[in-house]
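Reader: I should like to understand the reasoning behind the terms applied to this structure. Could each term be set against its criterion?

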Amino acid sequence: MKILELTALELGRKIKKREIGVAEATKAALAQIRALEPELNCYVTVGEEQALIQAEQVQRKIDKGELAGPLAGVPAAIKDNMCLEGMATTCSSKILENFVPSYTAEAVKRMMDQGAVILGKTNMDEFAMGSTTETSAFGETKNPWNPAHVPGGSSGGSCAAVAARECFYALGSDTGGSIRQPSSFCGVTGIKPTYGTVSRYGLVAYGSSLDQIGPVGKNVKDCAAVLEMISSYDKKDSTSIQREDWDFTSALTEDIKGMRIGIPKDYFGPGLDSQVRDAVLMAAKVLEEKGALVEEFDLSLVEYAIPAYYVIASAEASSNLSRFDGIKYGYRAKEYEGLHSMYKKSRSEGFGPEVKRRIMLGSFVLSSGYYDAYYLKALKTKALIKKAFDRAFEKYDVILGPAAPSTAPRLGESLNDPLKMYLGDIYTVSVNLAGLPGMTVPCGKDKKGLPIGLQLIGNCFQEKKLIRVGYAYEQSRSYEEPELAVRVSESQKEEHEGERSAGGEV
Amino acid sequence: MSKQYETVIGLEVHVELATKTKIFCGCSTEFGGAPNTHTCPVCTGMPGSLPVLNRQVVEYALAVGLAANCEIHQYCKFDRKNYFYPDNPQNYQISQLYLPICHDGWVEIETAAGNKRIGIHEIHMEEDAGKLIHDEWEDCSLVDYNRSGVPLIEIVSEPDMRSADEVIAYLEKLRMMIQYLGASDCKLQEGSMRADVNLSVREVGAKEFGTRTEMKNLNSFKAIARAIEGEKNRQIELLEDGKKVVQETRRWDDNKESSHAMRSKEDAKDYRYFPDPDLPPVVIDDAWIARVRERQPELQTEKLARYQKEYGLPRYDAHILTSSKHLADLFEETVKLCGQPKEVSNWLMTDAMRLLKEKGQEPEQISMDPRHLADLVKMVGENVINRTIARDVFEAVFTENVNPKEYVESKGLTVVRDEGALQSVIEEILEKNPQSVADYKAGKQKAMGFVVGQTMRAMKGKADPAVVNQLVKELLEQR
């Protein structure tokens, strides 16, 4: 039996039946991490020792019958913008490289309460700003399908780790597509829930009105189970929503007969890679064959989503990131003269170029004299986009389209042309602007063997419809894993073993 | 000065609210405390922390707004005011710009020329900042976040005041109102009430306002009055010299009795205000407003009228008693226990006021237990102690909050009515003063007064004067 090939729920079941021990599963994941990390760099921090201790504690609780959840004992990873007490939380930024929080994010806490073993913190674009995980201050993550390509971003580390079996599932965060796009590039499944479904407490904010934590897994079933576990109404997050339908796994049925699926024509215009288009339309056909009613429609306003998103997200980010000033925690410049110089140098040296670009953009659009022209206009656009979706959901249960215009670009291709990189978010950002749930399910590969993802979008609180459609589609194909071409030889493995156990950090 | 000038003043008043916990987290608002002990991830701006609004802050802001005749924004929002300073852990302050909770109200003040309405432009809720401590010895700055996140309201007036007297009357009015509402203790010295003065001058009859300055660092009513006088004269002098007033923020130095510019409009900060995405809008429905309105306590104006009507106190007395919520509460609680409103009022108006003046204290600082004052009043009424002794007992009650009964007992201050004991004392005095006896016999009534006085002195004031009078008379007659 190959432990790493199991899905999270399959492993959970075997742990429950005592067929596999929690420590055994944890060690298997850690061994995989040791083997692949030198090449892939999915993690910023691996908490080897901590994970093994946790594994023992969880095992004891399972043995005593205190933990009976379907994912108890399953090793997982969390994106490095979620606080975990006692473990560095860097947001892949130099400015937070030494920051160790004294509290744990609510979503992570819920996971751990259900017996998750946390393997470590995954790499990301610095402060979740980027679409490739190349803006990380700790090196880029490579795509497990082809290490010459990016994993997407900003949750690139989480998605690559799941694809490379360096964990059984992971948490990502999605502000403008940061779960759905890398899921598409890495051939895994990811859900961005309705805004307010998962507590943001302990998630280091990028664009507060858009940020949502969500699951990344090997399939829809795993994601539904993880989402069920991390969703909650949390008094510590004032934007958290009280809802009653947390039982997402109840939607895991193959029956989609009569479900209305809309395909926005606007998502299939110029700029979309033809192989991606074909794969997505093929998936629509599969759903049609299973009884869904599929039709094309005009969503409208699609071209305004990107400018509105970058104005709002950057405006919020410029304010959210102002707390990183070298005074209370995090990086402080070694040499400075006076307060102003300390601020300026610490921030200039601590932030990377993409973060600086967005702080400047955000500060500009909030400046007096520009506020109405940019920020306010973006808010109005956001409201109009929401209305366009409202109209669409009067007719359709689910909207189907691509998650990204292409498959994963090669490393180093994207950062030279930020505008082009921003345009790559065209299919994902409007979902965040409207607060909707969205999901990516793998639906094929291009000629280069890189995965293609299918994006499903639902109306607010309609995650279950996404899960139903996603699950039904998934039954038509088997989960594909990358042939981990990067797998290092046994001898190299041992070498690294020595290095790792010393520090436990990557 | 050839021209006649008019001073135009508007005020921005910050009031620290009396909530037990901070505006966006559960930390204590208690004053004092070792540095950074009343803190958590939220009020120290830790990454990933989120604010949760304390509803009591909204209640207090509503109460003040309603008392100040304001309109309420029933859909109000919090905005972020962005600026870098180490006392501000997030480098933005959560405040209200676009939709403040209260707007367009007024309060009435008494002026020499009669009553006058001062307009309230708006009242908004916001969080206080921490405190920076500059250690010049170590050449470093430390920051204490205990005050970070303590709730404030800022009350912005219209430019309706024309003199320092009006400003002080307005501040007194606000302070009284807010204290009565229990929304704050409004202590200027401790910083729980802070006022910034916006002032401009113009020629009498001019329609346009002059260029204004903003004055900060005003820690007492006296400092405010002095600062207004100083700034008015500074601006008039500039205009007389043909110079212009520069729009700027100035810092008042009360020791030097002068101000200096902190920053001008040119380098005014752009705060990049925008709605705080972490806090949903606050929706205040009619029922909520009605509940707050219902709970509004009796304010000073109403109390003043009631004291005159219900207790038959003169307007002057009623005014002094109600000029401090604390004093009025003490008065009412005492009267509830012992009746005799006029008597209680007299103790507070004369002895209490005298002692406050001697100690340089405010009525808010009176710590006397109303039960003790009531006991004292009763003891005087029942003639357990005489009035002279009672004033000493009052001082002990006032300064040390002693139990008057125990105090009188332990010091043996009860009135002596034992006629036998008094008789022997009087006899002794008569023996020693044959001249007084002779004078009395010769019809000099004054002589009796002397004997009474001697007796009281011998009894250290504890004798009942009526009994002494009676006995002295009898004994003199017997001679």
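Author: The model is a predicted one. The discussion may begin with A:Phe364, which counts as partly exposed at 35% relative accessibility.

Reader: Why is A:Phe364 called partly exposed?

Author: Buried requires under 20% relative accessible area and exposed over 50%, with partly exposed in between. The value for A:Phe364 is 35%, so this residue counts as partly exposed. Its place is in helix 11 (residues 353-366) of chain A.

Reader: What makes A:Phe364, A:Tyr370 and A:Tyr374 a nonpolar patch?

Author: Patch members need over 30% relative accessible area and no salt bridge, and nonpolar side chains, Phe and Tyr among them, are joined within 5 Å. A:Phe364, at 35%, passes the area cut-off. Together with A:Tyr370 and A:Tyr374, A:Phe364 forms a surface patch with about 280 Å² of accessible area.

Reader: In what order do the strands of the open sheet in chain A lie, and why are strand 1 and strand 8 said to stand at the edges?

Author: The open sheet has 11 strands in the order 1-3-2-4-6-5-10-11-9-7-8, with mixed pairing. Strand 1 (43-46) and strand 8 (293-297) of chain A each have a single partner strand, so one side of each lacks a neighbour in the sheet. From one strand to the next, the twist averages 30°.

Reader: How do you know that strand 2 and strand 4 of chain A pair?

Author: Pairing requires at least two bridges between the strands. Strand 2 (residues 75-79) and strand 4 (residues 169-174) of chain A are joined by three bridges, so they meet the criterion; the two run parallel. One of the bridges links A:Ala76 to A:Tyr169 in strand 4 of chain A. Helix 5 (residues 156-163) of chain A packs on the sheet, and its direction makes about 155° with that of strand 4 of chain A.

Reader: Which residues of helix 4 of chain A are buried, and what covers them?

Author: In helix 4 (residues 106-113) of chain A, the buried residues include A:Glu106, A:Ala107, A:Val108 and A:Met111. Their cover includes strand 2, strand 3, strand 4, strand 6 and helix 7 (220-230) of chain A.

Reader: Turning to chain B, what makes the pair B:Arg194 and B:Asp128 a salt bridge?

Author: A side-chain nitrogen of Lys or Arg must lie within 4 Å of a carboxyl oxygen of Asp or Glu. The closest N and O atoms of B:Arg194 and B:Asp128 are 3.2 Å apart, so the pair qualifies. B:Arg194 lies in strand 11 (residues 193-203) of chain B and B:Asp128 in the loop between strand 7 (114-127) and strand 8 (131-135), so the pair ties together parts that are 66 residues apart in sequence.

Reader: Why do B:Asp128 and B:Arg194 receive the labels buried and partly exposed, respectively?

Author: B:Asp128 has 7% relative accessibility, which is under 20%, and therefore counts as buried. B:Arg194 has 25%, which falls between 20% and 50%, and is therefore partly exposed.

Reader: Why are B:Arg306 and B:Glu310 said to be separated by about one helical turn?

Author: They are four residues apart in helix 5 (residues 300-311) of chain B. An α-helix has 3.6 residues a turn, so residues three or four places apart point the same way. The side chains of B:Arg306 and B:Glu310 meet in a salt bridge at 3.1 Å, N to O. B:Arg306, at 22%, counts as partly exposed, as does B:Glu310 at 49%.

Conventions
Residues numbered from 1 in each chain as written. Chains lettered and ligands numbered in written order. Predicted model: local features only at pLDDT ≥ 70, side-chain atom pairs only at ≥ 80, totals over all residues. Heavy atoms only, no water. Patch = residues over 30% accessible without salt bridge, like charges linked within 9 Å, V, L, I, M, F, W, Y side chains within 5 Å. Areas by Shrake-Rupley, 256 points an atom, 1.4 Å probe, with all protein chains shown as cover. Buried < 20%, exposed > 50% of the residue type's maximum accessible area, 1.4 Å probe, protein only. Axes fitted to C-alpha atoms, helices over the stretch in contact; angles between N-to-C directions. Contact = heavy atoms within 4.5 Å.
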